[in-house]
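User: I should like to take a close look at a single part of this protein. Please explain it step by step, in terms suited to a first-year student.

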Amino acid sequence: MKYLRYNILVCTILFLLPTGLIAQDSNSEEMEQAIEDTVAQTDGVDFQRVGPRVVQGAFRQIPRENLMGGISVVDVPRIMEKNYMTFSLENMQAFAGGFNGSLWGMGDYLVLVDGIPRDPGSINPSAIQQISFMKGVSANVLYGSRAANGVVYITTKRGGDHDLQINGRVNGGINIPIRYPEYLGSAEYMTLYNEALQNDGLPQQYTAETIYRHSRGNDPYRYPNVDYYSPDYLRDFTNRYQGNVELSGGTETANYYTNINFITSNSLLDFGEGENLRGNNFNIRSNVDFELNENIRASVGAGVIYDEQNGVNTDYWGQASTLRPDRYTPLIPIDMFVDGNQNLQQIIENSDHVINDRYLLGGNQIYSSNPIADIYAGGTNQSVGRQFQFNTAITMDLDAVLEGLEFNSMFGVDYLSSYYQGFNNQYAVYDPNWVAFDGENQVSSLNTFGQDARTGVQNVDNSIFQQTLAFSGQFNYHRNIDQDNQISAMLITNVHQLSYSGEYHRTGNLNLGLQLGYNHREKYYVDFSAAIPHSAKLPEGNRQAFSPTATLGWRVSEEGFMANASAINNLKLFVSGGIVNTDMPIPGYHLYEARYSQADGAFFGWGDGNLRQGTQSFRGANPNLTYIKRKELNAGIDASFFDNTLNIESTVFYNRNEGGVIQASALYPSYFSTGWPENSFIPYVNYNIDQRKGIDFNLRFNEELGGVNWSLGLAGTFFDSKAVRRAEINQFDYQNTEGTPLDGIWGLQSQGLFMDQQEIDNHEASQQFGTVRPGDIKYVDQNNDNVINSQDQVYLGRAGWNGAPMEFGVHLTARWNNFTLFTLGTGQFGSYGVMSGDYYWVNGDNKYSSVVRDRWTEETANTATYPRLTTQTGSNNFRTSDFWMYSTDRFDLQKVQLTYDLPASFLQASNIRQLQVYVTGANLLTISPNRDIMETNVGTTPQMRFFNLGINAKF
C-alpha cells in the first residue's frame with residue numbers, strides 16, 4: 001500500500017509538471033499547524049505578531065490559505081533555523097517561484113521594508129519575519145506606477161506578550177577565492193608579443209636573450225615577472241565575524257523587538273596598508289507596538305546603520321588585470337646596491353618609504369604611480385556611510401461609526417549619507433641601473449621619479465545622500481454578513497518620494513487605491529483592486545490613469561463532488577487579470593515638450609554683414625504622451641495531497657507592456673531630422689509593445705522515511721519574452737528586432753578561422769572590418785551581397801538580462817534526532833554570454849591572458865580556437881559574434897549546512913532554552929560546461945567560497 005501511495009504521488013507530479021500546476025511554497029492548515037508545533041518545541045519564541053499563516057499583501061494581511069493573484073511568501077525565521085543567511089534575498093529563487101533576479105522577468109522591482117521603499121541590504125536576515133513576492137498585477141496594483149514590475153515586501157519582526165526573551169547568534173567564517181584570472185608570465189608574454197608583431201609584419205621587440213633571462217626566474221628584480229595574484233600580495237582567505245542579538249518582550253498593551261547586529265571583515269590584500277584594511281558594519285533596528293486605548297493602536301520602528309570600509313588609494317584589482325608582468329620592478333632590494341656608493345646611501349637616508357628596512361619602491365617614468373607603491377606609500381581612505389530609518393503607524397477602530405471600519409495611517413522617512421575621507425600622499429619610485437659584479441647583478445644608480453610628501457591634510461569628497469519620504473492612509477472595512485459570507489474593502493492613498501544627490505528631479509509615486517473583496521465559505525472568492533496613479537513625467541491631462549484588476553477564486557476541494565477524493569486535501573484555482581499604468585520606463589521628465597537650445601550645439605552664420613545665430617532642435621512635442629500599460633492575465637493553482645505530504649502551487653502568466661516610449665525616426669518622414677546642422681523634430685511617442693509569458697511553480701514534499709524527517713522543495717520559473725512591436729526600417733527582415741526576445745544578443749555568425757591567404761581570396765564576401773589575414777575570423781554573408789558589414793548581424797541568442805529562460809532552486813532537509821542537514825542548489829538554462837573585454841579580446845600591447853595559448857598559428861591552424869595574435873586593433877575579430885558566445889547553463893551547489901541542537905536535558909540547569917551549533921558552506925560547487933568563464937572575475941575582487949561556524953542560543 002505504501003509503495004502504491006508513492007507511485008500515485010510520482011504520477012501526480014509528472015502529470016502536473018507539463019500542465020503548469022506546480023507553484024510556490026505553501027502548506028495546508030494541518031501541515032502549517034504541525035510545523036508550528038515543531039517550531040514551538042525547538043524554538044518557543046514568537047518574535048512576530050504576524051504568524052506564518054498570515055501573509056503580508058498589499059496594504060493588508062491575508063490568511064495564507066486565501067492567497068491568490070500571484071503571490072509567493074517565504075517564512076524567513078523557519079529557514080534560518082537550518083540555513084544561516086548573510087543577505088535578505090539570499091537564494092530566494094529556491095523558495096519563491098517566479099523570482100529569478102526579477103519577478104516574471106519584468107526587470108527592476110519595488111522593494112518595500114515595512115511599507116517603505118528601502119534597500120534590501122539594509123535589513124539583516126535575522127530581523128526579517130517574512131518576505132512576500134507580489135508578481136501579478138492584482139497583487140501589486142495598489143502600490144501604483146512604481147510597482148508595475150512587481151513588489152518584494154519585507155516584513156520585519158515584532159514583539160509579543162511575554163517576558164524578555166533573548167536570541168544570540170555568533171558566527172565566524174572565512175572566504176576563500178574560487179579562481180583568479182590567469183595571465184601569462186613575462187617570458188611567455190614576450191614570446192607571444194613577438195609573434196603578434198610578426199603577424200602584423202613588424203620587427204620583433206624582445207631578443208631571445210632577454211626572454212631567456214626573464215624565464216629563468218633567478219633574478220626577479222632585474223628581470224621581473226610580477227604576478228599580482230600571488231601569495232606575495234594576497235592572503236589565502238579573508239575572515240568574517242558576526243555578532244547578533246535579538247530582544248523581544250512586552251505585555252498585552254505594549255511590546256517590543258530589537259535587533260542588534262555587527263559584522264567585521266578584512267581584505268585579501270596582504271602587504272603595506274592592505275594588511276590593515278577592515279570593514280565594519282553596525283546595524284540596530286527596533287519595533288515597538290502599543291495600545292493607546294481600546295480603539296487606537298500605534299507602532300514605531302527605527303533603524304540605524306553605520307558602515308565603515310577602509311581602503312587604499314588605488315584600484316588594485318583593476319590594475320592587476322592590465323599591468324604587464326615585465327614592465328617594472330615593484331621593490332628594489334637595498335642589499336643589491338653597490339657597496340660604498342654614497343649617492344645610493346643618500347637616497348636611502350632621504351626616503352620616507354624604506355619598506356621593511358629592506359626595499360625601495362620600484363617604478364619608472366611610465367609607471368611612476370603603480371598599485372604596489374600606492375598601497376605601500378600612497379595613503380589610505382575610508383568610506384563612511386550612515387543611514388537612519390524611521391516609520392510610524394496608527395490604527396483606529398471606527399466600529400462606533402460603522403461596524404467593521406478602521407483607519408490606518410503610516411509615515412516613514414529614511415536618510416542615507418556617505419562620504420570618503422582619506423590622506424593622499426605623494427611618493428618617489430626608482431628605476432634601477434644594473435651592473436654585473438663578480439657574476440652578481442647589482443644596482444649602480446637609481447633614476448628617481450616623483451618625491452616623497454606627506455601633506456597631513458585629510459581630504460573629504462564623494463559626498464552623496466539619499467532621502468526617502470513615504471506616507472499612506474487607508475480606510476479598511478471588513479464585515480461578516482452572516483456565517484457564510486464576508487465582504488472587505490479598502491480605500492487608500494499612497495505616496496513615496498526619493499531624492500538623490502546630483503539629481504534635480506525627485507523620483508515620486510502618488511496614487512489612490514481601491515480594493516473590494518467577497519468570500520463565500522472560503523470556497524468562492526471575488527476581488528477587485530484598482531489604482532489611479534499620478535505622474536509628473538506626463539503632460540497635463542494625461543497625468544492620471546485608471547488601473548483596474550480583478551481576481552476570481554474557487555476552492556474546488558470544498559465541493560460535494562470532491563468528498564470521496566481522499567488523496568486531495570486542498571485544491572484551489574484562481575484566475576486574475578488587469579491593467580497597470582506605469583511611467584517607470586519613461587526615460588526622463590518633460591519629454592512631451594519640444595526642446596530647443598541656442599547654447600548646446602548652436603551655430604552661427606554671416607550674411608549681409610550681420611551675425612546670425614541658429615537654434616538647435618532636439619525633439620518635437622507630443623501633448624498626447626501617456627502611460628505604458630502592463631496588461632496581464634494569469635491563472636494558478638494551490639493544492640495539497642496525501643495528508644498534506646505534497647504541496648503544490650503554480651501560476652501561468654501572460655502579459656504585454658504596451659506603449660513603450662521611444663523617439664524613433666522610422667515613424668516620421670526623413671525631413672524631420674537633418675544631418676548638418678544636426679537637428680531633430682521627432683517627438684517621443686508611445687509605440688513599443690513587449691510580451692512575456694511563462695509559468696512559475698513551487699513544490700514541497702514532507703515525509704518521514706526510515707526514522708528521518710525529509711523535506712524537499714523545488715521552485716522555478718520558465719518564461720519567454722518577445723518584442724511584439726518595434727519602430728524600425730531595415731533593408732533585410734532578419735535584422736528586425738520585432739518578433740525576437742527582449743534580451744537578444746545581436747552579432748555576426750562565424751565560420752571558423754581563415755586557414756591561409758588563399759581561403760581569404762576565395763571567400764565569397766569581402767569583410768569590411770579592417771585588414772584580414774590568415775587566422776582571422778570568417779563571417780557569414782547573410783544577404784549575399786559579397787560584403788560582410790553591419791548589415792550581416794543577426795539574432796544569436798538570449799542574454800538572460802532579467803533571468804534565464806529557465807531558472808530553478810531546490811532544497812533538501814533531512815532531520816534525524818538532533819541533527820539537521822540542509823542543502824540548497826540553484827540552476828539556470830537557456831541563456832548565453834559573450835566573452836569580451838581585454839581578458840578575451842587581446843590586442844595592441846594589452847596584458848595576455850591564458851586564452852591566447854589556443855591562438856591560431858600556421859602549425860595549429862587545424863586545432864586553434866582563438867584568432868591570430870595582433871598588436872593592431874583586431875577590429876575584424878574583436879566584435880560581437882557567435883565565435884565569442886558561450887552557454888551560461890549552470891547548476892550551483894549554493895549551500896550545505898549541518899546543524900546540531902543540544903538536547904533539552906543538557907540545558908535544564910541553565911537559562912538557555914535552545915542551543916544550536918552549525919557548520920555552513922556556501923557557493924561550494926558550479927557544474928557548467930563553461931565553469932572557468934563563469935567563475936572568473938576580471939578587474940574586481942574574486943568570487944568566494946564561504947565556510948562558517950556558528951552558535952545560536954535562545955534564552
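Which residue is the bridge partner of D75 in strand 6?

Analyst: In this predicted model, D75 has Q130 as its bridge partner in strand 6. That pair belongs to a wider connection: strand 3 and strand 6, the latter covering residues 128-134, run antiparallel and are joined by five bridges. As general background, the strands of a sheet pair through backbone hydrogen bonds, and the pairing may be parallel or antiparallel.

The next step is to place these two strands in their sheet. The sheet is open and has five strands, arranged in the order 3-6-7-4-5, with mixed pairing. Strand 3 (71-75) and strand 5 (116-117) are at the edges and have a single partner strand each, so one side of each lacks a neighbour in the sheet.

For comparison, one may turn to another group of strands. Strand 41 (residues 806-816) and strand 42 (residues 819-829) run antiparallel and are joined by 11 bridges. Within this pairing, W816 lies opposite F819 of strand 42. The two strands form a hairpin with two residues between them, and in the turn N817 has a positive phi of about 50 degrees. Strand 42 is also joined by 10 bridges to strand 45 (residues 890-901), again in an antiparallel manner. Here G825 is found opposite L893 of strand 45.

A loop residue offers a further view. N364 is located in the loop between strand 14 (359-361) and helix 9 (371-377). Its relative accessible area is 13%; residues under 20% count as buried, and N364 is therefore buried. The side chain of N364 reaches two backbone atoms: the oxygen of R327 at 3.0 Å and the nitrogen of I366 at 3.0 Å. When neighbours within four places in sequence are set aside, N364 is in contact with R327, Y328, V429, D431 and F449.

Finally, these parts may be set within the whole. The protein has 12 helices and 47 strands. Its radius of gyration is 33 Å, close to the 30 Å given by the globule rule for 955 residues, so the protein is as compact as a globular protein of that length. Along the principal axes, its C-alpha atoms fill a box of roughly 100 × 85 × 70 Å. Of the 955 residues, 54% are buried. Among contacts with a separation of 6 or more, 72% are between residues 24 or more positions apart. The accessible surface is about 42500 Å², and carbon and sulfur atoms account for 52% of that surface.

Technical notes:
Residues numbered from 1 in each chain as written. Predicted model: local features only at pLDDT ≥ 70, side-chain atom pairs only at ≥ 80, totals over all residues. Heavy atoms only, no water. Pairing = 2+ DSSP bridges. Helix = DSSP H or I, 4+ residues; strand = E, 2+ residues; numbered from the N terminus. Buried < 20%, exposed > 50% of the residue type's maximum accessible area, 1.4 Å probe, protein only. Polar contact = N/O pair within 3.5 Å; in protein donor to acceptor, adjacent residues only side chain to side chain. Contact = heavy atoms within 4.5 Å. Rg over C-alpha atoms; globule rule 2.2 N^0.38 Å. Areas by Shrake-Rupley, 256 points an atom, 1.4 Å probe, with all protein chains shown as cover.
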